[in-house]
Every structure is written in C-alpha cells, then in structure tokens.
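Work through the exercises below with the sequence and the coordinates open. Each task is followed by a solution in steps.

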Amino acid sequence: MDSTNTAILLLLLALVYLLLTLSSWGKARLPPGPRPLPLLGNLLQLRSQDMLTSLTKLSKEYGSVYTVHLGPRPVVVLSGYQTVKEALVDQGDEFSGRGSYPVFFNFTKGNGIAFSNGDRWRALRRFSVQILRNFGMGKRSIEERILEEGGFLLAELRKTEGEPFDPTFVLSRSVSNIICSVIFGSRFDYDDERLHTIISLINDNFQIMSSPWGEWYNIFPSLLHCVPGPHRRLFPNFGCMKALIARSVRDHQASLDPDSPRDFIDCFLTKMAQEQQDPLSHFHMDTLLMTTHNLLFGGTETVGTTLRHAFLALMKFPKVQARVQEEIDRVVGRARLPSLEDRAAMPYTDAVIHEVQRFADIIPMNLPHRVTRDTDFHGFLIPKGTDVITLLNTVHHDPSQFPAPQEFNPGHFLDDNEAFKKSPAFMPFSAGRRLCLGESLARMELFLFLTAILQSFSLQPLVAPEDIDLTPLSSGLGHVPRPFQLCARAR
Ligand code: HEM
C-alpha cells in the first residue's frame, strides 16, 4: 500500500470515528446543569460539608431534572415528588439499575443484592424475597419473634431504673437480633460478643458513610484511598464483618440438612449445591457472603436510627407522646403487648410513625440508581449507564404534598376525621423496582417496638424540650441523629 492509499485509509477511519462519536453525542441529550471543570466536575459548586444541601440548591436553579458532574462523571439529579415518582415508578424498568457507590462496591464487587445489576441482581433479589417470606417476613411468625425480642428490650429498659442512658446500643441490639435470627437461625444474647461486633462495625461504617469522608470517597475513591482519615476504617470494618459471616457459614456447612433448612444461610447453601454444575449460576460463596452482609447492614442500622429519631421527636413534642400513650391505653390496655392487629385501630400512632419517617428522612439521597437503557425523560435522552440521584429528601419536603413540610406534624398523615391517610409521597423506603427489600419487616419492627416501649415507659429528656435539636448530626448516606441521653420512666 503506497503512502497516498494509507493517507486515504487513515482519513476514512478518522471520518468514521468522527461520525460515530457525533451520532452518539447527537443522540444523548443530558439535562442542563452547572458547567463542569475538567476532572473536578462541579466540585466547586458542591459544598463538601453537605452534598444534600448543595444538590437541593442546584435544583432550585436548574429545575427538577439536571446534570451535575461528580468529578469527571455526569450524574442526573431528580427532585420533587412528581419527577421522582415518574422515574422510579412510571419508568421503573429504565431507572432500576444500581449506580456507582465505590464505598460499598469496592467491598462487595457487585456480589450482593444491593449493589449488583442485571441478571445477578434479579436472581438474588427474587431468591432473597422468597426466603425472607418463607421465614415469616410480613407474617405472624415474624411478629412473634419481634414481640419476644420486644420483651427482652423492655427488660433492658427496666434495668436503667429511670436513670439517664444513651439508647443507641440498647435499640440496635434488639433490632439487629430480628434480622440475625432470620439469617443465622437464632437470636444472640445481649452480651454475646458477636452481636456487639456486628452492631459496632455497622454503626461505625454508617456514621463514616454519612460524613463528608464517605461522600468524598465516593467521588474520588483512588485518591481518598491514599489519604489518612476515618474512611480508612471502612474496609477493615467490612473485612471483620465478612470474616464473622464466613465463620457462621462454615458452621452451617458442617451441620447442613438440605431437607430442613434452619435459616437464610441454609437456604442459600442448598441453592448453591443445586446449581453447582451451572457455570452461569449467581449462587456462590461470594454472593452468599455479600447478600448476607447487605441484609444485616440494611436490617440493623436503618430501624435503629429511625427509632432514635422517634425518641427525640416524642421528647420534643410531649403532647404527641401523651396522645400516642392515650391511644395505646385505650385500644390495647396494659395487660398485653400491642400487636399488629391493633394498628388499624390506632390511626394517630400510625400517623406519628409515618411522620417520624418522613421528617427523619434517614436515607435523604436514596441509594444511587442507573438507567438500564437509553431513556427518554422530560424531553432529554439519558444514555444507558448514566447514574441518577433521586433526592428523597425533596419528596418528603415537597410543599405540594405536605402543607408544612418543615414542621413535625402527624396531621400530614391524618384526614379531617382523624383517620389514617396514606400519602404517595411517603418514600423512606424509596419506590419502584429497587424498593427496600425489608420494608414490611421494618414497618412491623417500628410499630411493635415503639408501642411496646410507650406502653410501659415515658421518655424524658435531660434538657428542656425546646432545646432538643432534631436536625441531623450529619447527612450523607444517612441522616444520623445527634447523640443524646434520656430517662425511661416506668408508667
Ligand atoms: C426504617 C428502615 C429502613 C429504611 C428507611 C430503608 C431504606 C432503604 C432505601 C431508601 C433503599 C434503597 C432503595 C433504592 O435503591 O431505591 C433500601 C434498599 C435496601 N434495603 Fe432497606 N430500609 C430499611 C430497612 C431495611 C431492612 C429491615 C432490611 C433487611 C431485611 C433492608 C434491606 C434492604 C436491601 C437488601 C436493599 C437493597 C434492595 C435492592 O437494591 O434491590 N432494609 N432500603
């Protein structure tokens, strides 16, 4: 080939490349947003202290659908009830992917339910939902476990004898024991070292992920890997949890009877054995360890954190606390523990729990989503694989859905006749295909634990109610409440 031919060939190749690039750029039409800097993206517009506030502020300027660059990566941000619902519910399939979340992904490598995509996610999710249902999630059998655990929790509260205490560990132990009993087959005693390890590792990681360190790690993982700071504890903590779960899996393997599975791990091991010959199976040791970890993490920190927010709100608004107690006394009395059957007759209590979840808004930016194909949305064309942040916080504070969104007001969930009123904008568990897998379990726990506590105790703050600060200590992955102590006075 002479030099003229080579030049023509190179020119043709360059033209084809240019055409391909232009056509894909021409196709994709990301929503507008602040102009990014090379590599840094829009970091100058995002106050490192609080990503949520910065993203919400940008939505006032650019509307309910805009693009922000987290480092070099474009991410579409959605806010307000209508827009978030149109994405997660009306176009649920397209928005069902899981977006990049390096803090978790570098540990799970896409092997658990929460941070996997495609066929693996579908297989693990379908299987986990099925097994959790078989072990009673959303049914009477799990209600009995929660009531039994509630009894242990009340005994611990009695031991405080009305003296001040920090409720974090007391609540987490009881909450964690519910999901532990489904996963490991039995609850732990409250002084069992393994339960303490699980709770402190999860609590520490949730706090770090909810701090600016966790947010920065998600934007610049390689850089942050080399920088000292509390985020360096994340992966050793994850490693300890994995080792603890792996030890339990080994014990299960040694005593497994496939005909009578005792718990989630037994069911998973049995499925692994059934699909051993299938090279495409998603059921292997890594997916078992990571799925178990996802369930433990999801099932421990979220409910415990919500209960702490509830304690603070009930102490700040003593009239709300008194009215819940009056309803418990009237509907249940003192002779037996409240049960789920009572809920329908307790609209005020139900409304208070919903309002706590709306107001506390514990996962304010949701977990990141990703579009699974090129997606038409609000006149834009979001290319397949683009990450999407849905600001659940803006749904919970949408004035078109909640008349006084900044106020704690159980009336948001009551109609004119004081009957319980559902709201489509109630999304603490998110919505659509990725809806929290533990929603029904969490709702049972919140109702049963909270009513059992308020039936027997009044929650008293150590400071004047007006000095109780309901704003979160930090806001990243989670809204973590400020640390506090209280007295549980027997009624
Ligand atoms: C008050 C309690 C809880 C809240 C507020 C909560 C909230 C959430 C949210 C916002 C998501 C992300 C949904 C999305 O990506 O759109 C999620 C996912 C998830 N949650 Fe929960 N959660 C709670 C309790 C639980 C419990 C008790 C479990 C365990 C049984 C659990 C297990 C999970 C799992 C496995 C996922 C990942 C689902 C998937 O990616 O398909 N959560 N949760």
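**Exercise 1. Ligand contacts**

How far from an oxygen atom of the ligand does a polar side-chain atom of Arg98 lie? Add the other polar contacts and the iron donor.

Solution. The coordinates come from a predicted model.
- Step 1: the distance from a polar side-chain atom of Arg98 to a ligand oxygen atom is 2.9 Å.
- Step 2: for Arg434, a polar side-chain atom and an oxygen atom of the ligand are separated by 2.8 Å.
- Step 3: in the side chain of Asn366, an N or O atom is 3.3 Å from a ligand oxygen atom. Each of these pairs is judged against a cut-off of 3.5 Å for N or O atoms.
- Step 4: the protein supplies a single donor to the iron atom of the ligand, the SG atom of Cys436, at 2.2 Å. Cys436 sits in the loop that runs between helix H16 (392-396) and helix H17 (439-456).
- Step 5: the ligand is surrounded by 26 residues, and Arg125, His369, Ser430, Arg434 and Cys436 are the closest.

**Exercise 2. Strand order and pairing**

Derive which strands stand at the edges of the five-stranded sheet, and describe the pairing around E7.

Solution.
- Step 1: the sheet is open, its pairing is mixed, and its order is E1-E2-E7-E4-E3.
- Step 2: strand E1 (65-70) and strand E3 (97-98) each have a single partner strand, so they are the edges and one side of each has no neighbour in the sheet.
- Step 3: E7 (residues 387-390) runs parallel to strand E2 (residues 73-78), joined by four bridges. Strand E4 (residues 369-370) pairs with E7 in the antiparallel sense over two bridges.
- Step 4: Asp387 of E7 is the bridge partner of Val75, and Asp387 is also the bridge partner of Arg370.
- Step 5: E3 and E4 are antiparallel, with two bridges; Arg98 has His369 in E4 as its bridge partner.
- Step 6: E7 is covered on both faces, with Asp387 and Ile389 buried on one side and Val388 and Thr390 buried on the other.

**Exercise 3. Helix length and burial**

Compare the end-to-end distances of H13 and H11 with their expected spans, then describe their burial.

Solution.
- Step 1: helix H13 (residues 285-316) has 32 residues, so at 1.5 Å a residue the expected span is 46 Å; the end C-alpha atoms are 47 Å apart, in agreement.
- Step 2: helix H11 (residues 234-254) has 21 residues and should therefore span 30 Å; its end C-alpha atoms lie 31 Å apart, which agrees.
- Step 3: because 27 of the 32 residues of H13 are buried, the rest of the structure largely encloses H13.
- Step 4: among the buried residues of H11 are Leu234, Phe238, Met241, Leu244, Ile245 and His252. The buried residues of H11 pack against helix H4 (102-108), helix H7 (167-184), helix H8 (193-209), helix H12 (264-274) and H13.

**Exercise 4. Two residues compared with the cut-offs**

Is His354 buried or exposed, and is Glu341 buried or exposed?

Solution.
- Step 1: buried is under 20% relative accessible area and exposed is over 50%.
- Step 2: His354, in helix H15, has 8% relative accessibility and therefore counts as buried. His354 touches Phe413, Phe420, Phe426 and Arg443, leaving aside residues up to four places away in sequence.
- Step 3: Glu341 has a relative accessible area of 65%, so Glu341 is exposed. Glu341 belongs to the loop between helix H14 (318-331) and helix H15 (347-360).
- Step 4: Glu341 and Ile146 are 195 residues apart along the chain, and their C-alpha atoms are separated by 14 Å.

Note on methods:
Residues are numbered from 1 along each chain as its sequence is written. This is a predicted model: local features need pLDDT of at least 70, side-chain atom pairs count only at pLDDT 80 or more; totals for chains, interfaces and linings use all residues. Side-chain values use heavy atoms; hydrogens and water are left out. Donors are N, O and S atoms within 2.8 Å of the metal (3.2 Å for Na, K and Ca); water is not among the atoms, so sites may look incomplete. The expected span of a helix is 1.5 Å times one less than its number of residues. Buried means under 20% relative accessible area, exposed over 50%, partly exposed in between (1.4 Å probe, protein chains only). Two strands pair if DSSP finds at least two bridges between them. A residue is near a molecule or strand if one of its heavy atoms lies within 4 Å of it. A polar contact is a pair of N or O atoms within 3.5 Å; within protein, one must be able to donate a hydrogen and the other to accept it, and residues adjacent in sequence count only if both atoms are side-chain atoms. Contact means heavy atoms within 4.5 Å.
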